[in-house]
Structures are given as C-alpha cells and as structure tokens.
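Work through the exercises below with the sequence and the coordinates open, and try each task before reading its solution.

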Amino acid sequence: MTTIEQLDRDVWPDPGPDDTTLVRRCTELRRKPVAEFTVEDLRIMLGQQIGVSALLPLAVRVLLRDPLAEGDYYPGDLLRNVLRLPDSAWSTLGAERKRLASTLAELVASPPFSDPDLRPRDPNRQLRDAMARFLGQ
C-alpha cells in the first residue's frame, strides 16, 4: 500500500520531543497508506498542503458524495481546506474541479446557503464565501 512518503520519495525523520502534535500527526500520516485515509486525515494533510497531488483527487471524490463531509471539527471542514488550496493544486485536475464546482453550485443555491435572512448570523459564512470564490462569483 502506497504512502505519501513513497509517492514523494522523501522520508521525514521521526519527530523530536519538542515537535508539535500537528508535526507528529503529519509525519504519521505521511507513513499511512493513502487508501486508508479518513476524512479527518485528508482534512489535516490538505490543510497543511502535504501530499496534495495524491490526496486532492481522493478529497474531491469524498466531496462529490458529501460536500459537507466532516472531519473532527464541523460539517464542511474538509471542503474548507480544499477550497484554501492554491489554484496550482488544480493544474492537472481540471475535470475534477469542474465536477466539484457543479456540486458546489447546487449547494450554494440551497438553504441555508441561499437564504439571505440567515446570512448576518450565518455560521457557514466563511465556507459560503470560500465556495463563492471557488465558483468565481
């Protein structure tokens, strides 16, 4: 089973005693078979922009089934990290980007994202704004 370390051909050293929990977790995930990644694993690694070329297609597949797929924090936390990736992350994924954009266009047209009465106190405001940027709105 292939890992990010194998794909990148770059083995990170074991974390030291002063490294953060995030550094430890990312190092561990680089050694985990990509096929075994959970939504939370994808959220963490894409949030840190680690293994993007291997993990973004997997994340898109998850998001096409459930755009608000949830890691450990809140509905849409994976989507939020995907939408934060630079445009260059999509350079070889044009078809996937179009499919995700279509799914997101449907999502932003539905409540609660489409309801202007909810927007002033919208807990999804940042996510909605990120989706609008992704869609070029």
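**Exercise 1. Place L63 in the fold, decide whether L63 is buried or exposed, and list its contacts.**

Step 1: L63 is found in helix α4, in a model that is predicted.
Step 2: The relative accessibility of L63 is 0%, and since buried means under 20%, L63 counts as buried.
Step 3: Once the neighbours within four places in sequence are set aside, the contacts of L63 are A69, L78, L79, V82, L100 and T103.
Step 4: For a distance along this part of the chain, take L63 and L104, which are 41 residues apart in sequence and whose C-alpha atoms are separated by 9.2 Å.

**Exercise 2. Do the same for L68, and state how far L68 lies from E28 in space.**

Step 1: L68 belongs to the loop between α4 (52–65) and α5.
Step 2: With a relative accessible area of 27%, L68 is partly exposed, as this value falls between the cut-offs of 20% and 50%.
Step 3: Apart from neighbours within four places in sequence, L68 is in contact with P75, G76, L107, F113 and L127.
Step 4: L68 and E28 are 40 residues apart in sequence, and their C-alpha atoms lie 25 Å apart.

**Exercise 3. Determine whether R43 is buried or exposed, and which residues R43 touches.**

Step 1: R43 sits in helix α3, which covers residues 39–47.
Step 2: Its relative accessible area is 13%, and R43 is therefore classed as buried.
Step 3: Not counting residues up to four places away in sequence, R43 touches D72, Y73, D77, L78 and N81.

**Exercise 4. Explain how the buried residues of α7 are arranged around the helix, and find what they pack against.**

Step 1: In helix α7 (residues 125–135), the buried residues are L127, R128, A130, M131 and F134.
Step 2: Viewed down the axis of α7, these residues fall within an arc of 160°, so they line one face of the helix.
Step 3: This can be set beside a general rule: an α-helix has 3.6 residues a turn, so residues three or four places apart point the same way.
Step 4: R125, Q126 and R133 are exposed on the other side of α7, whereas the buried residues pack against α5 (77–83) and α6 (94–108).
Step 5: Just after α7, G136 takes a positive phi of about 75°.

**Exercise 5. State where in the protein chain confidence is lowest and where it is highest.**

Step 1: The chain averages a pLDDT of 91, and 92% of the residues score at least 70.
Step 2: Confidence is lowest in α7, with a mean of 87, and highest in α3, at 98.

Definitions and conventions
Residues numbered from 1 in each chain as written. Predicted model: local features only at pLDDT ≥ 70, side-chain atom pairs only at ≥ 80, totals over all residues. Heavy atoms only, no water. Buried < 20%, exposed > 50% of the residue type's maximum accessible area, 1.4 Å probe, protein only. Helix = DSSP H or I, 4+ residues; strand = E, 2+ residues; numbered from the N terminus. Arc of directions from axis to C-beta. Contact = heavy atoms within 4.5 Å. pLDDT = per-residue confidence, 0-100.
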